[in-house]
Amino acid sequence: MIPLSNIDLLSFQESLRFSSNANGASQVFDLIRKKFVRATPEEIVRQLWLMYFLEDRSINPKLIAVERSIQIHGMKKRFDVVVFSKNSEPLLLVELKAPQVALQQSAFDQIVQYNMGMKVPYTLISNGEKHYCIQIDHQQKAFTYLNHLPV
């Protein structure tokens, strides 16, 4: 496995906007959904990636989907992030974990299961500290770890 070591998500941390809800719970502003959401550790990782995609990679926010439902073997699941190509084809499926969650085989299995129906050519798994990008060849049923992001 080749981790993506050239991406420093923490450099975007100061750009995040925080607030508190009526109960005093911390919230972070989601630039894609255009609303404040609960600031869980996994959500902070998601927002750092969204900042990276928007600011560093200059991806149009209209080409990013966050937490949408999908059907997998008749069960409703939610993906974390999908980045679409300029011709609206899913390009990168992203599965995120909290920083304290080690990226184990179960995270890789989860994204593979999500991708079986979606057939996205690239996947990204990250806990904010370690990141892995995988290119999927659906016809050959093969995969390759990449040392860069395709977007």
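Aromatic pairs are a good place to start: this predicted model has 9 of them. In one, Phe29 and Phe36 meet edge-to-face, because their ring planes stand at 70° with the centres 5.2 Å apart. From there, the tour below moves on to the nonpolar cores and to a buried asparagine in helix 2.

**Aromatic rings**

- The two partners in the Phe29 and Phe36 pair differ in exposure class: Phe29 is buried, at 17% relative accessibility, whereas Phe36 is partly exposed, at 30%.
- Phe29 also has a charged companion, since Arg17 lies over the face of its ring, 4.2 Å from the ring centre.
- Phe143 and Tyr145 make another edge-to-face pair, with 5.8 Å between the ring centres and 85° between the planes.
- Phe143 is exposed, because its relative accessibility of 53% is over the 50% cut-off.
- Phe12, Trp49, Tyr52 and Phe53 come together as one aromatic cluster.

**The largest nonpolar core**

- In soluble globular proteins, nonpolar side chains tend to be buried together.
- Here the largest nonpolar core holds 33 residues, and the members that touch the most others are Trp49, Phe53, Ile64, Leu92 and Leu149.
- Two or more residues each come from helix 1 (41-56), strand 4 (64-66), strand 7 (81-84), strand 8 (90-96) and strand 9 (122-126).
- Helix 1 is the biggest contributor to this core, giving 9 residues.
- Trp49 and Phe53 appear twice in this picture, as members of the aromatic cluster and among the core residues that touch the most other members.

**Around Ile64, and a second core**

- Setting aside residues up to four places away in sequence, Ile64 touches Ile32, Leu50, Phe53, Leu54, Ile59, Val81, Val82 and Val83.
- Apart from the largest core lies another one, of 15 residues, including Phe79, Val82, Phe108 and Tyr132.
- Val82 is therefore worth a look in the viewer: this member of the 15-residue core is also in the list of residues that Ile64 touches, where touching means heavy atoms within 4.5 Å.

**A buried asparagine**

- Asn115 is found in helix 2, which covers residues 105-118.
- Is Asn115 buried or exposed? Asn115 is buried, because its relative accessible area is 3%, and buried means under 20%.
- Which residues is Asn115 in contact with, leaving aside neighbours within four places in sequence? They are Leu93, Val120, Thr123, Ile136 and His138.

Definitions and conventions: Residues numbered from 1 in each chain as written. Predicted model: local features only at pLDDT ≥ 70, side-chain atom pairs only at ≥ 80, totals over all residues. Heavy atoms only, no water. Core = buried A, V, L, I, M, F, W, Y, C linked by side-chain atoms within 4.5 Å. Buried < 20%, exposed > 50% of the residue type's maximum accessible area, 1.4 Å probe, protein only. Helix = DSSP H or I, 4+ residues; strand = E, 2+ residues; numbered from the N terminus. Phe/Tyr/Trp six-rings, centres within 6.5 Å; stacked < 30°, edge-to-face > 60°. Lys NZ or Arg CZ within 6 Å of the ring centre and 35° of its normal.
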